[in-house]
Structure formats: C-alpha cells, structure tokens
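Me: I have a sequence and a model in front of me, and I would like to go through the fold question by question. Please reason briefly each time and finish on the name or value I ask for.

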Amino acid sequence: MNPTRDSLRFSVLGRVRAWRGETELDLGSPQQRVVLAALLLRRARAVMVPELVHAVWGDEPPSAAVSVLHTYVSRLRKVLEPGRRATESPKVVVSVADGYLARVPAQSLDLGVFEQRVADGQKLRADGELSAAAELLHAALDAGEGTPLAGLPGPLAEVERSRLAEERLSVQETVLEVDLELGRYSQVIPALISLTSEHPLREKLCELHMLALYRSGRQGEALAAYRNMRSTLVAELGVDPGASLRELHERILAADPLLEPSGPRQGGSPQESGAAGYVVRPAQLPADLSSFTGREDVLREADALMRSRTSAAPPIMVIGGMAGIGKTALAVHWAHRIAPQYPDGQLYINLRGFDPTGAAVPAGEAVLIFLDALGVPPQRIPASLPAKAALYRSLLANRRMLVVLDNARDTEQVRPLLPGSSDCLVIVTSRSQLTGLVAGAGARPLSLSPLTPTEAHSLLARRVGAARLTAEPEAANEIIEFCGRLPLALAVVAARAATNPGFALGTVARKLHETTFNLDALIGGDPTADVRTVISWSYEALSAPAARLFRLLSLHSGPDFSGPAIAALAGLPLRQVRGLLAELTGVHLLSEPTPGHYALHDLLRAYAGERSAMEEPRQEQDQAVERLVLWYLHSADAVFAHLSPGRRPLPVAPLPAGCPPEKFASRDEALRWCDNERPNFIAAVQRAAQSRRPDLAWQLTISLWGFSYLSGHHHDWLNAARSSLEGARKAGDRRGEAWCLTEAAAALTTMRRFDEGIEYFQEASELWEELDDTYGISQVVSSLGLALLQAGRLDEAVDHLTCSLALARANGDEWAQGVALANLGEAHGRLGRFDEAVGTMREGLKVLHATGNIWMEGLTLDALGSVLHRREHHHDAIELHRKALKVLQETGNRWGEGDTYVHLGEALLAAGEPEAARAEWTQALAIFEETGHPDAEVMRERLRSTPSRTDTTSDTDTTSDMNPAGASTGRSS
C-alpha cells in the first residue's frame, strides 16, 4: 500500500489501526475498534446491529448496548471523515437498513493486500514461475505485524483471530513448499524448526521439515523428525500420523527418487541408471576459511577454464603446487563459490597422499567412504574395487555433483573416484603434477605460486591487525619474504605474533633469522622458503610439555584425534592435556576442525615426526603407541560390555595406570562413540599390527565385532581382521593368527561370502587344534556350524553344532552351550525335524536367559516361532515373534528385527489376519530398505501379492524365500 497525502488505510493483521496519509488516527477504545474491525472484515457488506452488539459484548450485552453502539459509529465517522458536514452522506461508514457497512478498497486494507498477493503468488506457482511466486508469497507474509486483531475483546475477535492465524499459517506452508522446490534448504529448515515447535501437532509442517532435511542429505534427522511427531501424536491424541506423513516416511526409508526436487532427471530412472534409488545429498565441504585472502587471478582463471570446456567428459580441475602453498584452502573456497551450480550435493575426502606416516587412503576405501555418504547401505556395497567404482559412477549419473579430492598422491588413486557424468565437477589437489590425469582424462591443470606481496600483506594484516603492519612496514615485508609468501608459513608466524601482541614485528623478524633448526626437505625444491624454519620458530617457543605432546601427536596415524585419546598417547591427565592442546592450537600448530577433535596438517605432522625421531627415545615412542592402542582396546571393550553383557570376557591386555578408557552410560552412547572413532580404529589396528605389540591388533579387532556387525561396516571388520592377521603372522603369533582367521571368517560369513568364510574357519580350526586351545576350538566349531547353516549345508551344520554343544558342556561354558543349542535347534527346524527343533530351542532359551545372552535370545525366540508356525501352531508363533521383537529392539539388531516382522506377518496371515500381516510386512520393508537387506525386493513383491484370504500352503512355501533363519542371522559366539 502506497499512501497518498489524504488516503485512508487500515490494518487488522496485527493491532486494528488506521492512517490518513502518514498520520495514524486515534480509533478510541478497544470496543470501538471491535466495531471497525467487524465492518472491515465484512468487506463492504452490511453488518446488522445485533451482529455488532454480539461482536462487542457477546451473549450478555448491557441494556444500553444499541445506544452505545451508535455512539461508537458516530465517533468513528468523526475520526475517519473529520471535515464531513452533517448534511453530507458518509463516505466510509455507511448506514444501511438496520446496520452499517464500510466502504474501503481492498488495496487500502492490509488483509486485502495479503489475499491478493497470495492469489497472485499461487497463480504464478501454477504457471511454473517459482521464483516470482516465492517473492509474492513472502511479500504477502510481510503484510502482517503480529497477532491479528491483537488486544481486541469479544467473541468476534477471538474467532477471527483464529481464522486469520490459520490462513497465515497455511500461506507459510505454501511459501515453504515453494522455497523447497527452489532448493532453499538453508532458509527453510530454520523456519520449519521454529514453526514445528509452535505447532507440534501440525503434520503438514512435519512433512515439509522431513523433506527439507532429506533433500539436504540429512536422512537420519528426517526420520527422527517423523519419530518425534509420531510420539507426540500418540502421547497427546492417541493416534498415529496420517496417511500422507506415513507415506513420506516410507518413501524416505526407500530413498524414493521421486523425492528429488523435480523428480528423476532425464536419461532414465535411477533404477535404469543403476542408482538403486539412493538420492542422499551429501554436503561434505569443509568450512570456508574466514581469513581466505587473494588468489583472485587464479579464481578467475579457474572460472574461465570451466566455462571454456567443450568435452563431454566430466570436467576435472587439478590444483598443483608445493606443500603449504594453499591448495586445499583455494579448492575449498572455490568449491563453496560454485556449489550452488551443483545442487545434488558435494563430496569431499582428504586422500592423505603425502601423509608422513605413509597411510594414504587406498582408492577402494575412498570409494567406500563416498558410497556410504551417498546413502548406500554397507550390505549393498560390492567387494571388488571395479564393482564399487561402477556403482559410484552409476549413483552420480544424471546428477550435478561437486567432488573434491584433496591431497592426492597419484593418478591411480584418483581414477576410480572420477564420475562418468559431464554434469559433475571434480577438483583435485596434489603436490604431484598428475600428468596421467591431464593426458588421459582431459584434466585442466592449475599451478599455484606463492602469494603476491600484496596478497601476503593482506593475509598478515587480517591475522595480526593492519595497524601493526603500518607501524613497522619494513619488518612486515621482511617477515613476508622470509616466509616465502607461503600461506601456511604466514599463518604460523601470524598466530605466534597475534598471541603475543607485545612483540614488535621487528622482534618477530629477528627471531626468525636467529632460528637455527633448518632442514630443507620440506621446501619442495623451492629455494624461496623453508617452512620448517617457520614451524621451528613457533615450536621452540612452546612450553616443554606442549612440545613433547606435539612430537607425540605424529605417532597417532588416524585422520583426527580426540582429547581423551591424546591424553592416553601422552600418558597425562586429560585436564592437563586440554591446556596443552589450547597452547598448540593457539600458535596454529594444531587445528580443531570440530569441537573436541584435533588434526595436524601434513607438514606439521612431518615436522612433529622428525622432532620426535630426534628428541624422543625409541622406548618412549613405543610406549606412547602402546598406551594409545590399549586405550582404544579398553574403550572398545567397554562398548562390548553394552552390546553383549554377560558373555565371557575377551582377552585384553592390561591398561597402564593413569590412562582411563572411555566409559559409556548407555548402549546408544557407546555406539555413537564407535561411529565417530571408526576411522581411528582401523588406523590403530594397522599401527598395532606394525608395532612391537601385534597382539593388540587382534585383541582390538575382536573387541569391535559387535559394533561392526550392528553398524553394517563389514568391510572395515574384514580389513581390520586381515591387517591383524598380517601382523600376527609377521610376529609368529600363532594364537593371534587363529583369532584373526576366526574374525575374518565371521566377517565374510556376515557378508554372505560363505565359501570364503568356511575356508577361513577350516584354516582357523586346524590352528586352534594345533594350539590345543579348547576355548578356541569350541568357538570356531560353533562358528563354522553357523556358517554351514547359513550356506544351506544343513547336515554338515548339524554335525558341527552337535560337536560344538559337546565341547561347550565339557568346558563348562554355559554361554557357548546356549548359542550351540539355539543354532542346533534352528538347523533341525530347517531340516523339518520339528519336535527336535522345539525341544532343543526351548532348552537353549533357558540357558540363554540364565547367561544374559539377550542377543541370541531374541533370535532364538523368532526361530522357535517360525518352527511353531510351520507346525500350524499359529497363535503360539505370533506370541513368540512379538516377544522376539521386544528383545531384538532392545539389542538394536535391525536385521533380526526386520526378519522377525516378516515371520510375524506370515503367522498372522496363516491365522486368517491378512491386513495385520500386511502391517507387519510394511514394517519389515521399512527396515530392509533402511539397512540394505537383500530381501527388500522380495518383501515388496510379497506386499503386492498378499492374498485376501488365508493360504497356508502358499505361506509355508514362501517362508524359505525370506530367510527364516532366526538365530542363524546372529553370531555363534
């Protein structure tokens, strides 16, 4: 509304107000404003006097209500038309019959403007003009100033307030939908968090929130939002979410490609392109540096190279240059600038190609990390590198994604990570020239030189303050040239100077020249700078404890490290270590990318390693590594206690005094810690396997089996077992070798690579017998029986499981007895020996319950239910499956839970309850799709073809198709 000098305008979307031109009018008492509001809301239609009386006073008006009402109207006329003479007709509030009406153009009332903008915005949206629609709808919402009819009394105000608030909320939902279609997730998600908090029962808001999270690559949070909404509805109203919200939940679980902003892209459906329906949008770029300076010429060159490309191959930019020259900072900064051009997400990985520990990320592991980020369940990831790379390329086909491969060693490390689609962009950084990538894949090279003097001056000014540079320009120039204009060197010196504001820059320059520690290996052949000199200057200024900690950090070969892990490495109390970490981060010798987790730049790690080699006795280095691995081992053992309480303790070497492991208050807390530390576990296993204590490697591996199984990271489990096996064999540790063979076999069996697993088990069995270890023999015989059972070699399975039971009884191992009985009963059931199966499993359940083995107890209850179902004791089967579900949910065994929903549905169908069966199978499908269960497609077909009447024969036949293995889906020991 653009007022002229004498025009009237009105507001009801907030307090009821009126203006003539820019002057606000006094509308009198709240009751008098109610009369005006009633007339304005009726939109030039008459409002009868009885209606106005009721609007002001409700059902109990005063005796003089009509007279007072006429007074209110008269006063309003005087305010709105102050110069009108008595003989003139009213222009605003007009008398009609037994009532009044207000002649106010729609554009003069904020509600009218709001409604017109909404109507125009919805029309634009229908025509596909989303940006214009969003602009108008946002403008509509800006028309109000708070609660409609704020401060007005009476029933009319109460009713209209609710109506207008609902109308506004509906428009908010519409505009959020449009913003979602435009991909404005960073704006939409905060708004939805606020609105869902204000309106916790509004399912439409929850739908939008889930969709926004999902399209931002936050699938887990989207599913959590659904769970929260469902819990609220059940608690407050005793109802489940509506069909629309339930359907969205199911589609997110299934990674439905139609949840993409505009549906599947041209070129085929995700299934046709091999994408298998995974549409997670990762957003893995590290944060852009707030202090990034310069490089404008390079950035313009990068933009120009991308614009000028003509090849149909994926564009690849290779940013090269010496160590510390700012390749990563430039790549991340440029990636953030161009990220909006790649709406399907960003992938980032540090390939650690020049890590001083030599622990470069293998190409197969890098592809695995990307597949995980793209939402592929671990169980669906192929074993071979070519197959992994093919799946990765399929997922990126017909999508616009940005891939940043940081710190690459060579072309072979990069090649499997290249998309096949020209719609994707790859940014590679490397100290090598990667000529093979340039020649073979058409990559565009971009070589970095040191900063220009102006850029270096700007970087230093942003770090230490422009005033200090202005005061000592010669010293500033001397520092810049000494650092060779390298960003890393300048950052280290600037951090030291900034933390000592009393230092004159001349003093800083003089100290640099006086530094005597000078090794030239890190200058990368460039004689203009010696980064080690710069680092050593800050290092020499550290306190002795901080310098020692810095040296020891080079011994941690993981990608990052937590405070407690560093405390174990140093053998110091955590409180003391926190102070030392603050000292190191303060002088830029250590970074803290996320709160509580720290990382070293490659050059700093190399420097720390060289100082450690020079200053730390070899024995102290060995002891530090041993403390670190033992800390991980005992922390993993604390996790194990939550996952499998009551089981016989695993062999664990003692922990040195003053080195407390992590403690966990709950199973979920333990699993979260494991998930965060997973890359460090693998590094710790590899470090231990190469140390003087290779026994710690296999101890750590077997302590992690429960997490590896539940999390689905079976490739990590297998890799850890194989690394441990290599270390044990080099050390001649036969017992460790037997454990590693057993673990590798268990991982292979879980991955359904049965032939390989059985072969490993057989080799382990020979070794356990050679060692005459009765516990190891019992373990491997039981595990081999389970593998044979899962492979369908039932008679052999019965033989091994019977032997396992005899060994467990001879050893007095009740835990192993319960496991053997459960698996043996399952084998009998699979062979159709139902009486033996029921008796054996019931006996096993008693032992499992007595020993606290709830993991196997849940699986065995399910398996027993399946046997009773096949004996047509359907109601008993239903009861057992439901008991099994409770136990499996407690242990977090999602695969077992999904299988049990299948078996429960089968029993319900056989009992004549097809609709109940469908409900359970829907639950199963959701879990199968969430976890990548191989039977997901079988379950979809089952739901499509569920009979409308009981068909016991058909049901019995299909049982074997859905892996009714019960206990056989678990672990033998």
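Me: Which residues of helix α13 (residues 363-373) are buried?
Reply: This is a predicted model, and burial here means a relative accessible area under 20%. In an α-helix, residues three or four places apart point the same way, because there are 3.6 residues a turn. The buried residues of α13 are A363, A366, V367, L368, F370, L371 and A373.

Me: Against which elements do the buried residues of α13 pack?
Reply: One strand among the partners, β8, covers residues 346-350, and another, β9, covers residues 402-408. After the helix comes G375, whose phi is positive, near 90°. The buried residues of α13 pack against β8, α14 (385-396), β9, α15 (411-414) and α31 (714-731).

Me: How many of the residues of strand β9 are buried?
Reply: Strand β9 pairs with β8 in the parallel sense over five bridges, and β9 also pairs with strand β10 (residues 425-430), again in the parallel sense and over five bridges. Strand β9 is largely enclosed by the rest of the structure, because the buried residues in it number seven of the seven.

Me: Which residue of β10 stands opposite V403?
Reply: On the β8 side, I349 stands opposite L405 in β9. On the β10 side, where the pairing with β9 is parallel, the residue opposite V403 is V426.

Me: Which strands lie at the edges of the open sheet with the order β1-β2-β3?
Reply: This sheet has three strands with antiparallel pairing. Strands β1 and β2 (residues 17-20) pair over four bridges, and within that pairing R9 stands opposite W19 in β2. The edge strands, each pairing on one side only, are β1 (8-11) and β3 (23-24).

Me: Why is one side of β4 and of β5 left without a neighbour in the open sheet with the order β4-β6-β5?
Reply: The sheet has three strands, and the pairing is antiparallel. Strands β4 (47-48) and β5 (93-96) stand at the edges, so one side of each lacks a neighbour in the sheet because each has a single partner strand.

Me: What angle does the direction of helix α3 (residues 65-80) make with that of β5?
Reply: Strand β4 pairs with β6 (residues 99-102) over two bridges, and V47 stands opposite Y100 in β6. Helix α1 (residues 30-41) packs on this sheet, touching β4, β5 and β6, and its direction makes about 70° with that of β6. Helix α3 also packs on the sheet, touching β5 and β6, and the angle between its direction and that of β5 is about 140°.

Me: Is R295 buried or exposed?
Reply: Most residues other than glycine have a negative phi. R295, in the loop between α10 (243-253) and α11 (296-307), has a positive phi of about 65° although it is not a glycine. With a relative accessible area of 6%, R295 is buried.

Me: Is D772 buried or exposed?
Reply: D772 is found in the loop between α33 (754-771) and α34 (774-790), and has a positive phi of about 55° although it is not a glycine. Exposed means over 50% relative accessible area. At 61% relative accessibility, D772 is exposed.

Me: Which residues have the most contacts inside the largest nonpolar core?
Reply: The largest nonpolar core has 81 residues, while a second, separate core of 76 residues includes V53, L152, L180 and M229. Leaving aside residues up to four places away in sequence, F761 touches T742, A745, A746, T749, V780, S783, L784 and A787. The residues with the most contacts inside the largest core are F761, W768, L864, W921 and M939.

Me: Which elements give two or more residues to the lining of the second largest cavity?
Reply: There are eight cavities of 30 Å³ or more, and the second largest has a volume of about 100 Å³. Its lining has 12 residues, of which I682, L704, S708, D716 and W717 lie nearest its centre. The elements that give two or more residues to this lining are α28 (667-689), α30 (705-711) and α31.

Me: What percentage of the residues in the protein are buried?
Reply: The protein has 43 helices and 14 strands. Among contacts between residues at least 6 apart in sequence, 67% join residues at least 24 apart. Of the 973 residues in the protein, the buried share is 55%.

How values were computed. Residues numbered from 1 in each chain as written. Predicted model: local features only at pLDDT ≥ 70, side-chain atom pairs only at ≥ 80, totals over all residues. Heavy atoms only, no water. Buried < 20%, exposed > 50% of the residue type's maximum accessible area, 1.4 Å probe, protein only. Pairing = 2+ DSSP bridges. Contact = heavy atoms within 4.5 Å. Core = buried A, V, L, I, M, F, W, Y, C linked by side-chain atoms within 4.5 Å. Axes fitted to C-alpha atoms, helices over the stretch in contact; angles between N-to-C directions. 1 Å grid on protein atoms, 1.4 Å probe; cavity = no way out; pocket = protein on both sides within 12 Å on 5 of 7 lines; lining within 4 Å. Points joined across faces, edges and corners; volume = space filled by probe spheres on them.
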